[in-house]
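Subject: Structure handover

Hello,

Here is the structure I promised you. Please open it and keep it in view while you read.

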Amino acid sequence: MPIDVGSLEFYAKTGSIPKAVRDVLMQTIARKNAMTDTQRQMEERRRQINDITTEQTRIRENLKTVDRNSDYGTRLLKKLNDQETTLEKLQGEIKELTQTYDKQRKDLEEYLQNTTIDDKQ
């Protein structure tokens with residue numbers, strides 16, 4: 001069952017639950033927020049890739065109508081080359097962010113599985 005961060009925050013800020021439970025909730029919220037931030041970063045990189053891919057289609061269409069050796073053709077080819085470099089960088093970042101997210105998820109799952117709360121507090 002997915003963790004609803006809003007519900008966790010509500011319970012964590014309520015004084016009617018034991019401090020140990022609040023502490024666990026706050027730690028869970030922090031970990032879940034980190035995962036959400038990582039997901040947001042991955043989505044931003046994917047959006048950038050989509051934008052570049054769309055622009056590359058336009059540039060390739062323009063290249064069909066100009067002499068590749070002209071100043072404009074050379075400029076378009078350079079832009080395509082630069083964009084390919086950017087795409088490779090973004091794809092690498094997505095790979096790293098995916099690994100980070102997977103580790104964050106695993107760490108959260110382990111934290112929740114291994115957390116016990118002493119009810120004597």
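Below is what was found in it, from the whole chain down to single residues.

Please keep in mind that this is a predicted model.

The whole chain

Start with the overall build. The chain has three helices and zero strands. Following the sequence, you meet the pattern α-α-α. The chain has 121 residues, and 27% of them are buried. About 8800 Å² of the chain is exposed. Carbon and sulfur atoms supply 50% of that area.

Now look at the contacts. Take those between residues at least 6 apart in sequence. Of these, 66% join residues at least 24 apart.

Two helices together

How are two packed helices described? By the angle between their axes and the distance between the axes.

Apply that to α2 and α3. Helix α2 covers residues 19-63, and helix α3 covers residues 71-114. They pack at an angle of about 160°. Their axes are 9 Å apart. An angle over 145 degrees counts as roughly antiparallel. So α2 and α3 are roughly antiparallel to each other. The crossing of α2 past α3 is left-handed. What kinds of residues make up the contact of α2 with α3? There are 20 nonpolar, 15 polar and 13 charged ones.

Three residues to find

Try alanine 20 to begin with. Alanine 20 sits in helix α2. Is alanine 20 buried or exposed? Its relative accessible area is 13%. Buried means under 20%, so alanine 20 is buried. Next, find isoleucine 117, which is 97 residues from alanine 20 along the chain. In space, the C-alpha atoms of alanine 20 and isoleucine 117 are separated by 6.3 Å.

Move on to glutamate 93, in helix α3. Its relative accessibility is 19%. That is under the 20% cut-off, so glutamate 93 counts as buried. Glutamate 93 and glutamine 41 are 52 residues apart in sequence. Their C-alpha atoms lie 9.2 Å apart in space.

Finish with glutamate 96, which also lies in helix α3. Is glutamate 96 buried or exposed? Its relative accessibility is 53%. Exposed means over 50%, so glutamate 96 counts as exposed. Glutamate 96 and methionine 42 are 54 residues apart along the chain. The C-alpha atoms of glutamate 96 and methionine 42 are separated by 9.4 Å.

Best wishes

Terms used: Residues are numbered from 1 along each chain as its sequence is written. This is a predicted model: local features need pLDDT of at least 70, side-chain atom pairs count only at pLDDT 80 or more; totals for chains, interfaces and linings use all residues. Side-chain values use heavy atoms; hydrogens and water are left out. Helices (H or I, at least four residues) and strands (E, at least two) are DSSP runs, numbered from the N terminus. Buried means under 20% relative accessible area, exposed over 50%, partly exposed in between (1.4 Å probe, protein chains only). Contact means heavy atoms within 4.5 Å. Accessible areas come from the Shrake-Rupley method with a 1.4 Å probe; for residues, only the protein chains shown count as cover. Axes are lines fitted to C-alpha atoms, for helices over the stretch in contact, and angles run from 0 to 180 degrees between N-to-C directions. Angles under 35 degrees count as roughly parallel, over 145 as roughly antiparallel, 65 to 115 as roughly perpendicular and the rest as oblique. A crossing is left-handed if the near helix is turned anticlockwise from the far one by less than a right angle, and right-handed if clockwise. Ala, Val, Leu, Ile, Met, Phe, Trp, Tyr, Cys and Pro count as nonpolar, Asp, Glu, Lys and Arg as charged, and the others, Gly among them, as polar.
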